Amino acid sequence: METAGSVTGLSRTERKARERAKILQQEEQRKAFKLVSKILKKTEADWTKEDVAMLQQSEGVVQELKQRKTKRETLKRKLEEVFDDPEELKLKVKQLATAIRKAKHPVVYTGAGISTAASIPDYRGPSGVWTLLQKGRSVSVSDLSEAEPTLTHMCIMKLHENKLVQHVVSQNCDGLHLRSGLPRSALSELHGNMYIEVCTGCSPAREGIRLFDVTERTALHRHGTGRRCPKCGGELRDTIVHFGERGTLEQPLNWKGAEKADLILCLGSSLKVLKKYACLWCMNRAPSKRPELYIVNLQWTPKDDLAVLKIHGKCDDVLKLLMEELNIEIPAYDKSKDPIFSLSTPLRPDEEDSHSRKLITPPEGLEVCSQEVVHDSGGASVSGGWFGRGYSKGRKKKR
């Protein structure tokens, strides 16, 4: 092995000779990989004596190419969507319903898969954002303000109303849980909410819920929305954990409502992001203290081996069967009862031109009653959002 000293002690001519030799060696390796790959694509019956000799001389290259092929096939299998047949699906849902009835503190985790029925793309599905980008394809931009809560969102809200779900932990930013009527005290939004902007200068924290997407001007490490706090004049910022960032929260708001979970139902999530939130993932506990895990996903997830039951079905289909099994009627989304209209903070006259995003328009005849929310991070009066005690701690450290 060459040391740094032995290389620096060489003359310029010797260093160039070594670099040239290294380049030639890499070129030879590329040629060997290309040739061996071409041979391996043939059937063994078509191999010539020269092919066999080349394979014997290049055992390391053959092994490397076989490992690469195995990895590609494994990845392909993980991305494939698998559907349980109708009878098996019903049996699995029946088992899930029994478990939910017995559980004392069931918690639901939701991912992008529950919003695909609202025409919001997921990330790792066949037409997901990451999947298309990896294939070099363009990703169509959808207007999230036109999305409405799906059947799954409404079922979760109703299950909470019937005390069969105690808390919801969502990785989604689309605000559809809030709009379904789920109480904010029962919701943790790990990655923020596209309709909420906050003032980090006020103490306690002050938030405003808008009827439009506040992230128009925000991006990675750039969170200012361009509007100002009406109380302190400080810049308002979005609540989104953008791709490439890490959440600064030690705990999401109301996590105490979820940490007691004795059953976790994961809907439409690959569960990959949870490794970044070790404090949120109850499955890291000792096996005897873990909650029962039930996963609803058409694709492989890294937590499948920990699950009591894996259900291969679309979220809406599974939740519809579950509600039938529990004998609970599924409410339809009613825009006139959408809480966002009563929770929203109107723009001041000088802010009317501060955005160009489409507004969520209330039904004709509905008056929009607005309210401003101030969060006291130390008391039980905290009513919702993506921040709480952890947010307060992070804000004090920055000062």
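**Figure 1. Who touches Leu-322?** Leaving aside its neighbours within four places in sequence, Leu-322 is in contact with Val-93, Leu-96, Ala-97, Ile-100 and Leu-159. Keep in mind that what you're looking at is a predicted model. Leu-322 also turns up in the largest nonpolar core, a group of 32 residues. Along with Leu-159, Leu-265 and Leu-267, Leu-322 touches the most other members of that core. So which helices and strands chip in? At least two core residues each come from α5 (86-102), α7, β8, β9 (292-296), β10 (309-311) and α9. There's a second core too, separate from this one, with 13 residues, among them Leu-190, Ala-261, Cys-282 and Ile-295. As a general rule, nonpolar side chains in soluble globular proteins tend to be buried together.

**Figure 2. Helix α7, tucked away inside.** How many of the 11 residues of α7 (residues 151-161) are buried? The count is 8, so the helix is largely enclosed by the rest of the structure. If you want to find them, look for Thr-152, His-153, Met-154, Cys-155, Ile-156, Met-157, Leu-159 and His-160. And what does the covering? The cover over these buried residues includes strands β1 (106-110), β2 (167-170) and β8 (263-267), plus helices α8 (176-180) and α9 (315-325). Just past the helix, have a look at Lys-163: α7 is followed by this residue, and its phi is positive, near 60°.

**Figure 3. Helix α2 meets helix α3.** Here the axes of α2 (residues 12-40) and α3 (residues 49-57) come within 10 Å and cross at roughly 125°. With that angle, the two helices are therefore oblique to each other. Their crossing is left-handed. On the α2 side, the residues involved are Ala-32, Leu-35, Val-36, Ile-39 and Leu-40, and they meet Asp-51, Met-54 and Leu-55 of α3. Sort the contact residues by class and you get 7 nonpolar, no polar and 1 charged.

**Figure 4. Helix α2 again, this time with helix α4.** The axes of α2 and α4 (residues 59-79) come within 10 Å, with a crossing at roughly 65°. That's why α2 and α4 are described as roughly perpendicular to each other. This crossing is right-handed. From α2, Ala-32, Phe-33, Val-36, Ser-37 and Leu-40 meet Val-61, Val-62, Glu-64, Leu-65 and Arg-68 of α4. The classes in this contact are 7 nonpolar, 1 polar and 2 charged residues. You may recognise some α2 names from the previous view: Ala-32, Val-36 and Leu-40 are listed in the contact with α3 and in the contact with α4.

Technical notes. Residues are numbered from 1 along each chain as its sequence is written. This is a predicted model: local features need pLDDT of at least 70, side-chain atom pairs count only at pLDDT 80 or more; totals for chains, interfaces and linings use all residues. Side-chain values use heavy atoms; hydrogens and water are left out. Buried means under 20% relative accessible area, exposed over 50%, partly exposed in between (1.4 Å probe, protein chains only). Helices (H or I, at least four residues) and strands (E, at least two) are DSSP runs, numbered from the N terminus. Contact means heavy atoms within 4.5 Å. A nonpolar core is a set of buried Ala, Val, Leu, Ile, Met, Phe, Trp, Tyr and Cys residues joined through side-chain atoms within 4.5 Å. Axes are lines fitted to C-alpha atoms, for helices over the stretch in contact, and angles run from 0 to 180 degrees between N-to-C directions. Angles under 35 degrees count as roughly parallel, over 145 as roughly antiparallel, 65 to 115 as roughly perpendicular and the rest as oblique. A crossing is left-handed if the near helix is turned anticlockwise from the far one by less than a right angle, and right-handed if clockwise. Ala, Val, Leu, Ile, Met, Phe, Trp, Tyr, Cys and Pro count as nonpolar, Asp, Glu, Lys and Arg as charged, and the others, Gly among them, as polar.
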